[in-house]
Amino acid sequence: MQAWQVHQLGEPSEVMRLQDVERPVPGDGQVLLKVRAANINFPDALMCRGHYQVRPPLPFTPGVEICGETEDGRRVLANPALPYGGFAEYAVADAAALLPAPDALDDAEAAALHIGYQTGWFGLHRRAGLEAGETLLVHAAAGGVGSAAVQLGKAAGATVIGVVGGADKVAVARELGCDVVIDRRGQDVIAAVKEATGGRGADVIYDPVGGEAYTQSTKVVAFEGRIVVVGFASGSIPSPALNHALVKNYSILGLHWGLYGTKNPKLIQRCHEQLTELAARGSIKPLVSERVPLAGAAAAVQRVADGVTTGRVAVLPSLENGASA
């Protein structure tokens, strides 16, 4: 089969190589899956660079989220068991963790439902307790993680403010359903949020960016507001001033969604059931901006790493080289 492999660490476009390799052999409790679609996540790029908390042994195949097909023909969602990741024709995954792919979504959309939407659901509901009528601020609202949070926030009855970088992403955020969109490249984010909320600020802030975005969050979070720390796509990890959290009476909530797989896997199943129901109603639908063939995976991972994509980019091994949809 064909699979992308990383033999040394560095930028994805430089270290990912498409090779002919043997199909992986499932271990105890694992299954072999034919990859129907693999969604690209920012951690894929971080793993190529050696900057992620999970460091599979070299060589490894990146790709942490797929819609796959079992030997008996079932469509499932899975997080492949590294080092046999999803940017390949076949991957392996833990059998006990497979989830049924929602009928309402095609392969690329289904592949993009799992990590980003589970992270959004746990962040907004399990950690922050978002309520209908509250104001939600989402950083990087046009990106893969942010777009999921926007849709989930709207589905929960919140007023959603999206922060994006660039005019093209402003249009995407509006289409996703943001009530207010702020272009950080041309607007003062702090002033714009205060204006949009009548000076009150946002009740819940969803931050997959870190760095300057986190600093902005502390200045626009409402009384008894909650800042959900999801990641650091900016590359800068902030050091929060806890005296500031005390004086303004807000909470800083960390979210490492992957921990629920071992700490409380039943919650992941319950979340998936709710996400499937929301997808069936049309309340959520992953924004897949690109569908690329397997041969285009390395370049696509690099685009995600560079922050120039919107929504999600999916790799479809069934697409012919050079094709896109």
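**Exercise 1. Classify Glu290 and follow its salt bridge.**

Solution.
Step 1. Glu290 has a relative accessibility of 24%, so Glu290 counts as partly exposed. Buried would mean under 20%, and exposed over 50%. Keep in mind that this is a predicted model.
Step 2. Find the partner. Glu290 and Arg303 meet through their side chains in a salt bridge, 2.7 Å from N to O.
Step 3. Place both residues. Glu290 lies in strand E14 and Arg303 in helix H12 (residues 297-305), so the pair ties together parts 13 residues apart in sequence.
Step 4. Classify the partner. Arg303, at 27% relative accessibility, is partly exposed too.

**Exercise 2. Compare two further salt bridges. How many residues separate the partners in each?**

Solution.
Step 1. Take Arg36 and Glu69. Their closest N and O atoms are 2.8 Å apart. Arg36 belongs to strand E3 (residues 30-39) and Glu69 to strand E4 (residues 66-69), so this bridge joins parts 33 residues apart.
Step 2. Take Asp106 and Arg291. Here the closest N and O atoms are 2.8 Å apart. Asp106 sits in the loop between strand E7 and helix H3, Arg291 in strand E14, 185 residues away.
Step 3. Check exposure. Asp106 is partly exposed at 33%. Arg291 is buried at 17%.

**Exercise 3. Which face of helix H6 is buried, and what covers the buried residues?**

Solution.
Step 1. List the buried residues of H6 (residues 167-176): Lys169, Val170, Val172, Ala173 and Leu176.
Step 2. Look down the axis. These residues fall within an arc of 165°, so they line one face of the helix.
Step 3. Recall the geometry. An α-helix has 3.6 residues a turn, so residues three or four places apart point the same way.
Step 4. Turn to the other side. Ala167, Arg174 and Glu175 are exposed there.
Step 5. Name the cover. It includes helix H5, strand E9 and strand E10. H6 lies across E9 and E10 and runs at about 165° to E10.

**Exercise 4. Describe the six-stranded sheet. Which strands stand at its edges?**

Solution.
Step 1. Write the order: E10-E9-E8-E11-E12-E13, an open sheet with parallel pairing.
Step 2. Find the edges. E10 and E13 have a single partner strand each, so one side of each is left without a neighbour in the sheet.
Step 3. Add the twist. It averages 20° from one strand to the next.
Step 4. Zoom in on one pair. E11 and E12 are joined in the parallel sense over five bridges. Asp207 has Val229 in E12 as its bridge partner.
Step 5. Add a helix. H8 (residues 212-220) packs on the sheet and touches E8, E11, E12 and E13. The direction of H8 makes about 160° with that of E12.

Definitions and conventions: Residues are numbered from 1 along each chain as its sequence is written. This is a predicted model: local features need pLDDT of at least 70, side-chain atom pairs count only at pLDDT 80 or more; totals for chains, interfaces and linings use all residues. Side-chain values use heavy atoms; hydrogens and water are left out. Buried means under 20% relative accessible area, exposed over 50%, partly exposed in between (1.4 Å probe, protein chains only). Helices (H or I, at least four residues) and strands (E, at least two) are DSSP runs, numbered from the N terminus. The arc is that of the directions from the helix axis to the C-beta atoms. Contact means heavy atoms within 4.5 Å. Two strands pair if DSSP finds at least two bridges between them. Axes are lines fitted to C-alpha atoms, for helices over the stretch in contact, and angles run from 0 to 180 degrees between N-to-C directions. A salt bridge is a side-chain nitrogen of Lys or Arg within 4 Å of a carboxyl oxygen of Asp or Glu.
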